[in-house]
Structures are given as structure tokens and as C-alpha cells.
Amino acid sequence: MDTATELGRLLGPLRRAVLRTRRSEGLPDLPEAQIELLRVLAETGCITPREAAIRLRAAPSTISNLVRAMTAAELVERTPSATDLRTVNLSATPRALDMLDRYDRTSTAALRRALDALPPAGRLAIDEALPALADLLVTLERQDTTDRRRA
């Protein structure tokens, strides 16, 4: 099996294993898309739905559906824009920011325990692979942008 196939097969199960750590803290099982939107809102403080769609490389309708569900769950606040009455600004609620922080602390602790349980050679291999994985992400995002322009 080649590297691309093996990596593709491992990514989903690895991510799901990390996400399952939420249960140990009694955290709600939010979809990954909602977590990604919360991360953007935590980073920016306040953003329009259009800006969120661009940052997440998602369709505006996808963001609209996410915002609707997350507003109902009291995770996102919608505030009318002071400069354009047709636009709203999105921000994460204090509850959502606290939940995101707890997700991050829980998953980081679980990953730290798992990494510490690896043999030193395995831990070193992962440490050394991190810059290449970050480069891989940039390359995949660049390819996605190029593919969207062609379509």
C-alpha cells in the first residue's frame, strides 16, 4: 500500500479516536464542522457568515445551516451589523468558548498520554513528521483553491 492510501485510511480513525475523548469529560458530541466554526469565531472574535464561509472553504448555505443549529443550541450569537443592515456578525457565546477550551484540554491530555506511551522511536518519528504534515495541509489547501478556480 502506498503512503497516500495508508495516510488516508488512518486520518479518519485517528480523528475519531481523539474526538471520543470528549465523552470522558461529559462534553456534548458536536459535529466537527461546528467545532471548526467555533475555532474560527474564537480566533476572530466576530465575523460575518460570508467571511466564515471563505475561511472554512465552505458553501454559504453550509455556514447558514451551521449557524442556525448553533444559534438554537446557544453556541453562536448573531448580531446585526452596525454598518449594513442586511448583514449579521457572528460570535461564539461564552458557553461555546468554555466548551471549546474543555475540548482542547481533554484532547491534548489524551494525545499527550498516548504519545508518552509510544516507544521513543515512534514518538520521535511523529515529532519529526509534524512539519511535513503542516506542509501537506498547506499543499492540499492550495490544490483545493486551484481546483475551485478551474471549476
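**Figure 1. A salt bridge within helix 5 of the predicted model.** Asp101 and Arg105 both belong to helix 5 (residues 94–117), where they stand 4 residues apart, about one turn of the helix. The structure shown here and in the other views is a predicted model. Asp101 pairs with Arg105 in a salt bridge whose closest N and O atoms are 2.9 Å apart. Asp101 counts as partly exposed, because its relative accessibility is 37%. A search of the whole structure finds 8 salt bridges, and further examples appear in Figures 2 and 3.

**Figure 2. The network of Asp116, Arg123 and Asp127.** Arg123 and Asp116 meet through their side chains in a salt bridge, with an N to O distance of 3.3 Å. Salt bridges with shared partners connect Asp116, Arg123 and Asp127 in one network. Asp116 is exposed, at 56% relative accessibility, whereas Arg123 has a relative accessible area of 29% and is therefore partly exposed. Asp116 is in the exposed class because that class begins over 50% relative accessible area.

**Figure 3. The salt bridge between Asp84 and Arg86.** The closest N and O atoms of Asp84 and Arg86 are 3.1 Å apart, and the two residues form a salt bridge. Are the two partners buried or exposed? Asp84 has a relative accessibility of 22% and so counts as partly exposed. Buried residues are those under 20%, so the value of 22% places Asp84 outside that class. Arg86, at 76% relative accessibility, counts as exposed.

**Figure 4. Buried and exposed sides of helix 4.** Helix 4 (residues 60–72) consists of 13 residues. From its first C-alpha to its last, helix 4 reaches 18 Å, close to the 18 Å expected at 1.5 Å a residue. Ile63, Leu66, Val67 and Met70 are the buried residues shown in helix 4. These residues lie on the same side of helix 4, because they cover an arc of only 100 degrees around the axis. Arg68 and Ala72 are exposed on the other side of helix 4. What covers the buried residues of helix 4? The cover includes two helices, helix 2 (32–44) and helix 3 (49–56), together with strand 1 (76–80) and strand 2 (88–92).

**Figure 5. Positive phi angles at Arg57 and Glu74.** Arg57 is not a glycine, although its phi is positive, at about 55 degrees. Arg57 is found in the loop between helix 3 and helix 4. With a relative accessible area of 33%, Arg57 is partly exposed. Glu74 is likewise not a glycine and has a positive phi of about 60 degrees. Glu74 follows helix 4, in the loop that leads from helix 4 to strand 1. The relative accessible area of Glu74 is 54%, so Glu74 is exposed.

**Figure 6. The largest pocket and its lining.** The volume of the largest pocket is about 1700 Å³. Its lining has 36 residues, of which Leu11, Arg15, Glu32, Leu133 and Leu137 are the closest to the pocket centre. Which helices supply at least two residues each to this lining? Helix 1 (3–19), helix 2, helix 3, helix 5 and helix 6 (120–150) do so. Helix 6 gives the most, with 10 residues in the lining of the largest pocket.

**Figure 7. The whole chain, for orientation of the close-up views.** The protein chain contains 6 helices and 2 strands. Along the sequence, these elements follow the pattern α-α-α-α-β-β-α-α. Taken along the principal axes, the C-alpha atoms fill a box of roughly 55 × 45 × 20 Å. The protein chain has 151 residues, and buried residues make up 25% of them. Of the contacts between residues at least 6 apart in sequence, 51% join residues at least 24 apart.

Terms used. Residues are numbered from 1 along each chain as its sequence is written. This is a predicted model: local features need pLDDT of at least 70, side-chain atom pairs count only at pLDDT 80 or more; totals for chains, interfaces and linings use all residues. Side-chain values use heavy atoms; hydrogens and water are left out. The expected span of a helix is 1.5 Å times one less than its number of residues. Buried means under 20% relative accessible area, exposed over 50%, partly exposed in between (1.4 Å probe, protein chains only). The arc is that of the directions from the helix axis to the C-beta atoms. Contact means heavy atoms within 4.5 Å. A salt bridge is a side-chain nitrogen of Lys or Arg within 4 Å of a carboxyl oxygen of Asp or Glu. On a 1 Å grid over the protein atoms alone, a cavity is a set of points where a 1.4 Å probe fits but cannot get out, and a pocket is an open set with protein on both sides within 12 Å along at least five of seven lines; lining residues have an atom within 4 Å of a point. Grid points are joined across faces, edges and corners, and a volume is the space filled by probe spheres set on the points.
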